[in-house]
Amino acid sequence: MKIAWWQLDMRVPAAAAAAIEARLLDAGAEAVTFLEGDDSEAVFDEGLIWQNSQCQALFPADDHNEAILQRLVRDNDWQQFAVQFTPLEEQDWVAATQAAFPARCFGRLWIAPSWDAAPADATRVLHLDPGQAFGTGAHATTALCLRFLDARIRGGESLIDYGCGSGILAIAGLLLGVDHAFGVDTDPVALQVAAANAESNGVSTGLQLALPENASLPMADILVANILAAPLLALAVTLADAVRPGGWIALSGILHRQEAEITAAYRPYFDLAAPQHEEDWSLLYGQRKIGV
């Protein structure tokens with residue numbers, strides 16, 4: 001096999017994604033891609049949500065070998081990120097990446113990247129390419145939330161997207177008919193990406209974005225939180241207080257084995273339905289109790 005490329009794979013925290021991307025490009029990477037990863041080992045500490053992303057970087061073999069890439073990892077203290085090196089033959093890597101992200105349908109809503117159009121008769125299309133911030137619709141946790149929003153939104157509601165990432169859920173809500181959406185994320189880069197995505201989808205006037213420390217959460221008809229089990233536990237009272245009596249909450253980023261603990265934390269405030277499942281992930285949802 002004639003090696004044309006070296007692929008470097010790492011699992012990196014979302015907060016470090018932008019800096020790592022810049023360093024990889026400076027070191028000669030031809031392409032850097034961030035894919036939503038398995039966040040089951042993520043850590044929640046001091047208000048920061050460390051969501052893991054699978055980072056893939058392609059380096060031309062003419063200028064790089066495994067020894068050079070190992071030195072790059074050591075110099076940047078990336079050993080902690082479960083680094084792997086893979087030699088690759090020549091192929092169309094752009095086409096391969098795009099094939100992994102086709103247009104997808106979630107009830108009334110389509111999520112379409114720039115290289116794959118939704119059907120001509122689609123009336124609600126969210127245009128979104130994979131990027132630094134989390135949320136493309138490809139990951140099971142996001143898909144569960146999108147289906148929940150499609151089933152729940154009737155039009156005219158207010159929505160909170162807590163842990164908004166790319167803004168996909170807030171933007172989806174606006175396209176499905178909510179009057180106003182409020183997005184919160186710990187990563188300033190994610191807020192920038194969400195704002196740009198809202199602008200490109202024509203819904204920026206309906207979206208407000210903030211860091212948690214700057215967020216005074218409004219009372220919402222619907223709240224979605226696609227984060228992780230640990231922050232969901234820590235934020236139970238905060239999120240419950242942000243949902244009006246009779247309103248709805250949807251919690252995702254939960255592994256099956258974590259359902260019972262999350263249910264116990266939210267049951268005092270919500271009448272919870274049976275969990276929904278996709279792959280290894282669960283969605284817990286329910287209606288805010290009145291008078292609690």
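The following exchange asks how some descriptive terms apply to this predicted model.

Student: Why is Cys55 called buried?

Tutor: Its relative accessibility is 0%, and buried means under 20%, so Cys55 counts as buried.

Student: What makes Cys105 partly exposed?

Tutor: Cys105 has a relative accessibility of 38%; since partly exposed covers the range between under 20% and over 50%, Cys105 therefore falls into that class. As for disulfides, the structure holds 0 of them, a disulfide being a pair of cysteine sulfur atoms within 2.5 Å.

Student: Why are the buried residues of helix α1 said to line one face of the helix?

Tutor: In α1, which spans residues 17-26, the buried residues are Ala17, Ile20, Glu21 and Leu24; seen down the helix axis, they fall within an arc of 100°, so they line one face. An α-helix has 3.6 residues a turn, so residues three or four places apart point the same way. The exposed residues Ala19 and Asp26 are carried on the face turned away from the buried side of α1, and just after the helix Gly28 takes a positive phi of about 110°.

Student: How do you know that strand β14 pairs with β17, and what makes β13 a partner of β14?

Tutor: Pairing requires at least two bridges; β14 and β17 (residues 281-288) have 6 in the antiparallel sense, with Leu284 in β17 as the bridge partner of Leu251, while 6 bridges also join β13 (residues 220-226) to β14 in parallel, where Ile222 stands opposite Trp248, so each pair satisfies the criterion.

Student: What makes β14 mostly covered?

Tutor: Of the 13 residues in β14 (residues 243-255), 11 are buried.

Notes. Residues numbered from 1 in each chain as written. Predicted model: local features only at pLDDT ≥ 70, side-chain atom pairs only at ≥ 80, totals over all residues. Heavy atoms only, no water. Buried < 20%, exposed > 50% of the residue type's maximum accessible area, 1.4 Å probe, protein only. Helix = DSSP H or I, 4+ residues; strand = E, 2+ residues; numbered from the N terminus. Arc of directions from axis to C-beta.
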